[in-house]
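User: I would like a close look at one part of this protein, the place where two of its helices pack against each other. Please take me through it carefully and set it in the context of the whole chain.

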Amino acid sequence: MKRELGIARCGLACCLCSENITCKGCKQDGFLELSWCKDAEWCENRKCVIEKKLKGCYECNPTECHKGLYAEKIKAIAFAEYARRYGVEDLLDCLERNEQNGIVYHREGIMGDYDVFDEVEEVIEFIKTGKKAGEKKTSV
């Protein structure tokens, strides 16, 4: 985990991303100048956050939004909603714990263990507990 990369403006976990090893996270370089980022120009969530002068979508209402990634990716919505409810630091703590317990953010391409859910609340519960619904907690 590269905790210093933090959480992207859209809510995705830059700190766990393995997609682009040269990526500095979309919050770096003042966030306005991202010449190194291949996605900066088309990212609707980035444009919206800049326009609204927010730190991230988690300062808005992610579960009511359908812009950009939020049109079809519940992982981004769930991560942003988690950060809205509990804070970015708590999200980072949970993601770090989950990674240490074997949960993989990108298993194949950009798909991983957080991408197997159909509902935002299921992802949020998975972030919190590291367990899928119906899995029993094991005592150590």
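Analyst: What follows starts with the whole chain, turns to the contact between two helices, and then follows one residue from that contact into the core.

This is a predicted model, and its protein chain has four helices and zero strands, so that the order of elements from the N terminus reads α-α-α-α. Of the 140 residues in the protein chain, 40% are buried, while the surface that the chain exposes comes to about 8,300 Å², with carbon and sulfur atoms supplying 50% of it. Where contacts in the chain join residues at least 6 apart in sequence, 49% of them link residues at least 24 apart.

The part to examine is the meeting of helix α3, residues 88-100, with helix α4, residues 120-129, whose axes come within 8 Å and cross at roughly 70°. Angles of 65 to 115 degrees count as roughly perpendicular, and α3 and α4 are therefore roughly perpendicular to each other. On the α3 side the contact is made by Leu-91, Cys-94, Arg-97 and Asn-98, which meet Phe-126, Ile-127, Lys-128 and Thr-129 on the α4 side. By character, the residues of this contact divide into four nonpolar, two polar and two charged.

Ile-127 is a good residue to follow from here. Setting aside its neighbours within four places in sequence, Ile-127 is in contact with Leu-91, Cys-94, Arg-97 and Asn-98, and also with Ala-78, Phe-79, Tyr-82 and Tyr-114. Ile-127 and Leu-91 also belong to the largest nonpolar core, which has 30 residues, and they are among the members that touch the most others, together with Ile-7, Ala-13, Phe-79, Leu-95 and Tyr-114. The elements that give two or more residues to this core are α2 (74-86), α3 and α4, and α2 gives the most, with seven residues. As a general background, nonpolar side chains in soluble globular proteins tend to be buried together.

A residue outside these helices offers a contrast in setting. Lys-53 is found in the loop between α1 (44-52) and α2, and its phi is near 60°, a positive value in a residue other than glycine. Most residues other than glycine have a negative phi. Lys-53 is exposed, with a relative accessible area of 74%, whereas the core to which Ile-127 belongs is by definition a set of buried residues.

Methods. Residues numbered from 1 in each chain as written. Predicted model: local features only at pLDDT ≥ 70, side-chain atom pairs only at ≥ 80, totals over all residues. Heavy atoms only, no water. Axes fitted to C-alpha atoms, helices over the stretch in contact; angles between N-to-C directions. Parallel < 35°, antiparallel > 145°, perpendicular 65-115°, else oblique. Contact = heavy atoms within 4.5 Å. Nonpolar A, V, L, I, M, F, W, Y, C, P; charged D, E, K, R; others polar. Core = buried A, V, L, I, M, F, W, Y, C linked by side-chain atoms within 4.5 Å. Buried < 20%, exposed > 50% of the residue type's maximum accessible area, 1.4 Å probe, protein only. Areas by Shrake-Rupley, 256 points an atom, 1.4 Å probe, with all protein chains shown as cover.
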